[in-house]
Amino acid sequence: KLHNMVQELKGNIRVFCRVRPVLSSDISASGSQLSEKAAPLRDEITADMAFPDCRDHKEITLASSSQSATGRERQENYSFVFDRVFEPHSTQAEVFEEISMLAQSCVDGYNVCIFAYGQTGSGKSFTMEGGSTDATQGMIPRAVAQVFRASEDLRSKGWEYKIEGQFLEIYNETVNDLLGKYDLDGKKHEIKHDPKTGSTRVTDITVLTLHSPTQVQALLSSAQSRRSVASTLMNERSSRSHSVFTLRITGSNPGSGENCEGSLNLVDLAGSERINVSLGNGLNDKDRVKETQNINRSLSALGDVISALGEKGDKHIPYRNSKLTYLLQNSLSGNSKTLMILNLSPLASHLNESLTSLRFATKVN
Ligand code: ADP
């Protein structure tokens, strides 16, 4: 009861921050010799990111130092507070511990959205999908397993459950079916919203009935491998698109006549970095500019929606400003719980992108 009251007071939006560890590839990418230069670089990095409030795991401070015009070293500190901060050594299990309640909620009839936001390479896919071992499994497989466990529990209490899944991608404001033939079918998928039933449907999208976590894992990895084959053609397309995995859970209890319907949306957002258009990554400049504008527009539309939801009163919520927010309209309003995980790179060279991400998160927090 007390927990519920606290939840209500705080609203249903949470923001976490997760800093990934330094990778050996970061060190070689910096151009230094791995052997002797690795250690100084690590020092430099730890000096750049500090966690003064480790005990609470709630605050992150970034320090940037610069030379002033007079040649004096100037240091600036930036502090940000989150519902939870995960340091580089935090494990997937530790992150999931803070999320498992949300997976439980969708079985109880809530609509849940979990977003991973951050620049490309900051750990969004690692957080959401994770690696191939049990220890490195990400939030998607863990949440799926939790949903199946929770529905099994309720089955033993007389409930019947149906779990359905869809997996789609929004690229350049176009919806692609990741469980279908991926692009090759040339089908246009439209998002239809029915205000009467409050349901959202995507036309011609593959919706599968799911029976086990293993089946879901197999579906997700085949979808991802098809996506990455397509993305080598389309050049890093997966980091330039949002992927949305949705589980819809419908339960009924023939004994008591009760019904419930909930959903879990797990969203790996497009990289938030500002793209240098002159880099020319396969697309011509005009296409790259359009792609970048679409990403910026949809990420800021998401920020606008989440921050409007966090405000009191009957504020107009601008769902229609992007495909992503239109798709998730029901899952972001009313009976819903939202979590944004802000992924950060620990590298000094990414400080500016990290600050931009942190400021975005402050807006929705
Ligand atoms: P993004 O999806 O944001 O582009 P990735 O998830 O692909 O970033 O992460 C970039 C690299 O960092 C990958 O090699 C990934 O395995 C690694 N990585 C990210 N987060 C962690 C972590 N918490 N622990 C270990 N490796 C990580």
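This is a short dialogue on reading features in a predicted model.

Colleague: Let's start with aromatic rings. What describes a pair of them?

Modeller: Two values do: the distance of the centres and the angle of the planes. A search of the whole structure finds four aromatic pairs here. Take Phe16 and Phe86, which form an edge-to-face pair. Their centres are 5.7 Å apart, with 70 degrees between the planes.

Colleague: Which parts of the chain does that pair link?

Modeller: Distant ones. Phe16 is in strand E1, residues 13–19. Phe86 is in strand E5, residues 84–86. The two residues are 70 apart along the chain.

Colleague: Are Phe16 and Phe86 buried or exposed?

Modeller: Phe16 is buried, and Phe86 is buried too.

Colleague: How are Tyr117 and Phe360 arranged as an aromatic pair?

Modeller: They are stacked. The centres lie 4.0 Å from each other, with 5 degrees between the planes. This pair also links distant parts of the chain. Tyr117 belongs to strand E6, residues 111–117, and Phe360 to helix H12, residues 351–364. They are 243 residues apart.

Colleague: Why does Tyr117 count as buried?

Modeller: Tyr117 counts as buried because its relative accessibility is 6%, and the cut-off is under 20%. Phe360 is buried as well, at 11% relative accessible area.

Colleague: Which charged end sits over the ring of Tyr110?

Modeller: That of Lys337. It lies 4.2 Å from the ring centre.

Colleague: Now helices. How does the end-to-end span of H12 agree with its number of residues?

Modeller: Count 1.5 Å a residue, using one less than the number of residues. H12 has 14 residues, so it should span 20 Å. Its end C-alpha atoms are 20 Å apart, which agrees.

Colleague: Which residues of H12 are buried?

Modeller: Phe360 is one of them. The others are Leu351, Glu353, Ser354, Leu355, Ser357, Leu358, Ala361 and Val364.

Colleague: And what span should helix H7 have?

Modeller: H7 covers residues 139–155, which makes 17 residues, so the expected span is 24 Å. The end C-alpha atoms are 24 Å apart, and that agrees.

Colleague: Why is H7 called largely enclosed?

Modeller: Because 12 of its 17 residues are buried. Among them are Met139, Ile140, Arg142, Phe148 and Leu154.

Colleague: Let's turn to the nonpolar cores. Which residues touch the most other members of the largest one?

Modeller: Ile60, Phe82, Phe115 and Leu328 do. That core has 45 residues.

Colleague: What is Phe115 in contact with, leaving aside its neighbours within four places in sequence?

Modeller: Its contacts include Val267, Leu269, Leu302, Ile306 and Leu328. Leu332, Thr338, Leu339, Met340 and Ile341 are contacts too. Apart from the largest core lies another, of 39 residues. Phe96, Val107, Ala143 and Leu178 are among its members. Ala143 is also one of the buried residues of H7.

Colleague: On to the backbone. What is the phi of Glu173?

Modeller: It is positive, about 60 degrees, although Glu173 is not a glycine. Glu173 lies in the loop between strand E7 (160–171) and strand E8 (174–177). It is partly exposed, at 23% relative accessible area. Asp204 also has a positive phi of about 60 degrees and is not a glycine. Asp204 sits in the loop between strand E10 (199–202) and strand E11 (208–209).

Colleague: Last topic: charges. When can side chains of opposite charge pair?

Modeller: They can pair when their charged atoms come close. This structure holds 10 salt bridges. In one of them, Asp26 meets Arg20, with the closest N and O atoms 2.8 Å apart. Asp26 and Arg20 are buried.

Colleague: How far apart are N and O in the salt bridge of Lys192 and Glu190?

Modeller: The distance is 3.8 Å. Lys192 is partly exposed, at 38% relative accessibility. Glu190 is partly exposed, at 45%. Glu311 and Lys315 form a salt bridge as well, with their closest N and O atoms 3.9 Å apart. Glu311 is partly exposed at 39%, and Lys315 is partly exposed at 42%.

Colleague: Which residues are linked in a network of salt bridges?

Modeller: Arg240, Glu273, Arg288 and Glu291 are.

Notes:
Residues numbered from 1 in each chain as written. Predicted model: local features only at pLDDT ≥ 70, side-chain atom pairs only at ≥ 80, totals over all residues. Heavy atoms only, no water. Phe/Tyr/Trp six-rings, centres within 6.5 Å; stacked < 30°, edge-to-face > 60°. Helix = DSSP H or I, 4+ residues; strand = E, 2+ residues; numbered from the N terminus. Buried < 20%, exposed > 50% of the residue type's maximum accessible area, 1.4 Å probe, protein only. Lys NZ or Arg CZ within 6 Å of the ring centre and 35° of its normal. Core = buried A, V, L, I, M, F, W, Y, C linked by side-chain atoms within 4.5 Å. Contact = heavy atoms within 4.5 Å. Salt bridge = Lys/Arg side-chain N within 4 Å of Asp/Glu carboxyl O.
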